[in-house]
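Student: I've got a model open on my screen and a few labels I'd like to understand. Can we go through them?

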Amino acid sequence: MSAECRRFDERFAALLADDDEELRRHLTTCAECRAEADAYRRTIWGLHQLDAANPAEGATPDGLHAGILRALDKPAPIARRPWRTFVIAGGLSAALAAAALLFFLRPHHHHPHRSSNPMPGVEALDGIDDEDPCHLIGDIDDEELAKVTAYFKKGV
Amino acid sequence: MTLQLALVTPPPPDDDETLIARFRGGERRAFDELVARHEKAIFRMALRSLRDQADAEDVTQRAFVQAFRRLDGFRGDSSFRTWLYRIAFNLVVTHARDAGRARRAMQSLDAPPPAAPVERDESSRRLRAAVAQLPLKQRLVVELRIYDELPFREVAQIADCSEDAAKMNFHHALKKLRVLLQENEA
């Protein structure tokens with residue numbers, strides 16, 4: 001099949017509609033395409049015969065019309081409420097956003113130089129955060145006060 | 001004489017647009033007339049595709065119920081018939097996607113539906129079997145064009161594709177049918 005014929009081959013559907021004059025002209029001059037078009041028409045004809053051979057398909061069941069009218073009279077099922085989905089999705093998104101915000105705005109105790117000892121030669125005291133002054137605020141019992149004092153004395 | 005004729009001649013039936021306007025005006029019976037006008041075509045389309053009378057009745061009924069409930073949203077971009085076909089087309093596709101129903105639809109061509117007469121000849125049986133092997137959407141395009149005699153423009157609107165795509169689907173389906181028929185003959 002030539003390239004030109006292939007171009008027409010894709011237009012055989014127009015044979016049904018009779019709306020492709022260029023295709024018709026081509027068919028008068030090209031025997032190969034004419035044979036293709038004939039096979040095309042035969043298939044269509046066969047499909048028509050197939051439908052005609054089954055008269056049962058042409059009839060509608062007795063109760064069809066009444067059944068449809070009955071179905072029309074039935075109340076519509078309770079419509080799903082799309083706003084619910086939006087509310088739930090919106091709520092979840094807001095909760096996630098709030099959690100993310102809280103995470104980023106939480107009090108930040110971490111300092112980049114935390115790992116380095118501000119007092120070289122002095123070992124950090126167990127239980128005392130030498131970077132966190134807040135640790136010393138509040139009730140300090142005598143034992144803890146003694147520890148702190150010893151810690152600073154040692155450092156000095 | 002003219003008056004007498006006018007009295008005995010029933011008025012021509014309203015077209016779909018008029019019936020829709022009447023229905024929107026509150027006249028429920030107008031929709032019943034739309035049902036009466038289109039139910040046969042919709043049922044036939046469903047039966048051809050699903051090959052099961054009960055399924056076809058179900059799809060037809062649901063198509064009209066959907067149309068009834070959504071008619072307020074019908075903008076008239078296409079004809080009512082096209083719009084209704086499109087609803088039914090989608091229902092058929094959804095229905096057939098159910099594995100069991102699809103299997104039944106496929107098997108039916110080897111065993112014709114109970115109401116259908118036995119195929120007259122071997123070639124019809126082969127052609128029917130070949131049609132059943134087409135992809136569902138391609139089959140629907142062929143059936144809408146050949147049996148419902150809808151123009152490609154309307155077939156395209158129903159199948160939600162361009163007119164060229166509908167033509168190409170039709171073309172490929174027919175080519176495939178020929179190949180399948182040749183294979184069945186061999």
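Student: Why is A:Cys33 called buried or exposed?

Tutor: A:Cys33 has a relative accessible area of 0%. Buried means under 20%, exposed over 50%, and partly exposed in between, with a 1.4 Å probe and protein chains only. So A:Cys33 is buried.

Tutor: Before we go on, this is a predicted model, where local features need pLDDT of at least 70, side-chain atom pairs count only at pLDDT 80 or more, and totals for chains, interfaces and linings use all residues. Residues are numbered from 1 along each chain as its sequence is written, chains are lettered from A and ligands numbered from 1 in the order written, and side-chain values use heavy atoms, leaving out hydrogens and water.

Student: And what does B:Cys161 count as?

Tutor: B:Cys161 comes out at 27% relative accessibility, which falls between the two cut-offs, so B:Cys161 is partly exposed.

Student: How many disulfides are there over all chains?

Tutor: The search of the whole structure finds 0. To be called a disulfide, a pair of cysteine sulfur atoms has to be within 2.5 Å.

Student: What makes up chain A, helices or strands?

Tutor: Chain A has 7 helices and 0 strands. Both are DSSP runs numbered from the N terminus: helices are H or I with at least four residues, strands E with at least two.

Student: Which helix of chain A has the highest mean pLDDT?

Tutor: Helix α5 (residues 64-73) of chain A, at 91, while helix α2 (residues 14-17) of chain A has the lowest, 63. pLDDT is the predictor's confidence in each residue, from 0 to 100.
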